Amino acid sequence: MPIPRRALVAAAVALVLPLSACGSGDSGGSTDASGRIEGDITFQTWNLRANFKPYFEGVVADFEKKYPGTHVKWIDQPAEGYADKISADAAGGTLPDVVNVSPDLVAPLAKAGLALDLDKSAARYKKEYLAGAWAGHQVPGMTGTYAFPWYLNTGPLFYNKSLFERAGLDAAQPPTTYDELFTDALRLADKSDGKVATLANVPTIEDFGRYGVELMNKEGTAFSFNDAKGVQLLTKYKELYDAKALDPQALTATPESSGKKFLTGAVAMNPGSALDLGNFKKQAPNLYKNIGITDQITSTGKVNMYVMGVMVNSRTKHTPAAVAFAHFVTDAQNQMSFAKKVAIFPSTAGSLDDPYFTKEDGTDETRVRVAAAKSLKNAVNYTPVLFSEQMKTALRNEIAKALQGKQSPRTALDNAVKACDTLLRQQG
C-alpha cells in the first residue's frame, strides 16, 4: 500500500512520497532481458505530477534518447485506492510493465508469478545497490528478488530538552538503550505527575524488530513475535502505560496526533525526519530552541528503514526495455538527482558517501540528513514483507487489550500471532 505523506511516522520517519508505477501488461512475457532494448512500455506513478513533473519527464526523455527504439508512456494517478488498482490490474491482465511497489505490494504479485525475478533476469545490477536495499523486495519462502530498490528513508528520534531538564535528567545524555528509555520515561511521568508522557504510540511490528524479536520464521509460513523478548517489550509498555509514561491516547494515536502532542510539549520524544525541523521552527519556535536529536533506539545495532522499489511485470512484451527502464529510474545518477529534490535517500551503493550526505554545514537539517545517511548503510526493513495492513490492525488491537489490562501481554501476543497466521494462510 502507498505510504501517505505525513509529518511524523511512528516507527522512524515521514515517507514523503507515495510513489508507484504502471505499464501495459499481457501474458506470455519473456524473462530474458538480454535482447534489444526497444518497444513501447508504460510507467505509472501516483500523485507525483503536481510536484515532480519536470523530473519524471526528464528521466523519460533521457531514457528514450539513450535507447532510440523505445517509447515510455508516463501516467500519474491519484494516491487513493492504489493497492486495489494493482490487484485489479493483476487480476485483469492489465498490470503495468514497470510498477513502483512497496515490499508488501510486491509479495502477492511475486506469489502470483507476475513480478520478474531480478536475481535471474538482472543479476548483473545487484552490486550497484546496498545489500539491505536489494534484499528489501525478497519474499520469505521464495527465492529471488522482485523489484529494484529505489528510495530509502529513515530518521532520528527528537526529544524536548526542557522537559528532560525539568525532570532532573541530563538533556545532553538522552537514552541510547531500551532500559535507559524506560527508566527515563518513568521518571519524566513521575516528576510531572503524569502530565508528560515520553512516548505517544503503542509498539508496532518495527518496534518489536528493533528490540531484537524474531518476527517470523525463515520459511515465511508463521509469525513468531510472541517469543519471550516480544512479551518482555509489551510488558514494559504496559508498565509505561500504567504510569502515564506512555500517552493515555496512544491506543488511538495517529502519526499526526502524536506529532501534535510533541509540538505542544505533552510528549517528550517522537520519531521524525529532517523535514520536521522546518515544521518545528515555524509552528513551535520554543520547541525548536529546545530540540534534541538522537539516534533510533535499537537492540540490534541496526536502525529501521523504509524501502520503495520498481518492479518489472513478468508478462511484459518488452522485457529488455522494461528492465532497462526500471534500472535507469533507480540508477545512481537518477536517484541522487531525486534525493536532492525531496528528503529521501538513494539505495545505490556509494551514493551515501557523496558530500551531500556526509558533509556538515552547521545546520540541524544537514545534521539529521548526514546521521540518517550513515545509519542507512547497514539498516534493515524490520516490517516483514508479508505483514499486511490487516495484520497491523490485528496486532494493534491485541496490544490495546493488554495495555488496558483486559489480557496479559503473553495472551495478547499469542492472539495476535494466531490472527496474523490465519491472515497469512488466506494470502495463499
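## Exercises on a predicted model

Asp 207 touches Tyr 178, Val 202 and Leu 233, leaving aside residues up to four places away in sequence. With that contact list as a warm-up, here are some exercises; keep in mind that the model is predicted.

**Exercise 1.** Locate Asp 207 in the secondary structure, and decide whether Asp 207 is buried or exposed.

*Solution.* Start with the helix: Asp 207 is found in H8, residues 205–211. Next, take the relative accessible area of Asp 207, which is 11%. Buried means under 20%. Asp 207 is therefore buried. Finally, return to the contacts: Leu 233, one of the residues that Asp 207 touches, also takes part in the contact between H7 and H9. That leads to the next exercise.

**Exercise 2.** Describe how helix H7 (residues 178–191) and helix H9 (residues 228–242) are arranged, and list the residues that make the contact.

*Solution.* First, look at the axes: those of H7 and H9 come within 10 Å and cross at roughly 15°. Angles under 35 degrees count as roughly parallel, so H7 is roughly parallel to H9. The crossing of H7 with H9 is left-handed. Now go to the residues: H7 contributes Phe 182, Ala 185 and Leu 186, while H9 contributes Leu 233, Lys 236, Tyr 237, Glu 239 and Leu 240. By class, this contact has six nonpolar, no polar and two charged residues.

**Exercise 3.** Work out how H9 and helix H17 (residues 389–403) pack, and which residues meet.

*Solution.* Begin with the geometry: the axes of H9 and H17 are 9 Å apart, and the angle is about 55°. H9 and H17 are therefore oblique to each other. Their crossing is right-handed. On the H9 side, the contact uses Leu 234, Tyr 237, Lys 238, Tyr 241 and Asp 242; on the H17 side stand Ile 399, Ala 402 and Leu 403. Sorted by class, the contact of H9 with H17 has six nonpolar, no polar and two charged residues. A nice detail to spot is Tyr 237, which belongs to the contact with H7 and to the contact with H17.

**Exercise 4.** In the sheet of three strands, find the order of the strands and the strands that stand at the edges.

*Solution.* Write down the order: E6-E5-E7, an open sheet with antiparallel pairing. Then look for strands with a single partner: E6 (269–271) and E7 (291–294) are at the edges, so one side of each has no neighbour in the sheet. Direction ignored, neighbouring strands are turned by 25° against each other on average. To zoom in on one pair, E5 (residues 157–160) is joined to E6 by three bridges. One bridge to look up is that of Leu 157, whose partner in E6 is Pro 271.

**Exercise 5.** Find how many residues of helix H13 (residues 319–329) are buried, and trace what Val 59 touches.

*Solution.* Count along H13: 11 of its 11 residues are buried, among them Phe 325, Phe 328 and Val 329. Now turn to Val 59, found in H1 (residues 49–66). The relative accessible area of Val 59 is 4%, so Val 59 is buried. Beyond residues up to four places away in sequence, Val 59 touches Phe 325, Phe 328, Val 329 and Asn 334. To finish, compare sequence with space: Val 59 and Val 329 are 270 residues apart in sequence, yet 7.0 Å apart from C-alpha to C-alpha.

Key
Residues are numbered from 1 along each chain as its sequence is written. This is a predicted model: local features need pLDDT of at least 70, side-chain atom pairs count only at pLDDT 80 or more; totals for chains, interfaces and linings use all residues. Side-chain values use heavy atoms; hydrogens and water are left out. Axes are lines fitted to C-alpha atoms, for helices over the stretch in contact, and angles run from 0 to 180 degrees between N-to-C directions. Helices (H or I, at least four residues) and strands (E, at least two) are DSSP runs, numbered from the N terminus. Angles under 35 degrees count as roughly parallel, over 145 as roughly antiparallel, 65 to 115 as roughly perpendicular and the rest as oblique. A crossing is left-handed if the near helix is turned anticlockwise from the far one by less than a right angle, and right-handed if clockwise. Contact means heavy atoms within 4.5 Å. Ala, Val, Leu, Ile, Met, Phe, Trp, Tyr, Cys and Pro count as nonpolar, Asp, Glu, Lys and Arg as charged, and the others, Gly among them, as polar. Two strands pair if DSSP finds at least two bridges between them. Buried means under 20% relative accessible area, exposed over 50%, partly exposed in between (1.4 Å probe, protein chains only).
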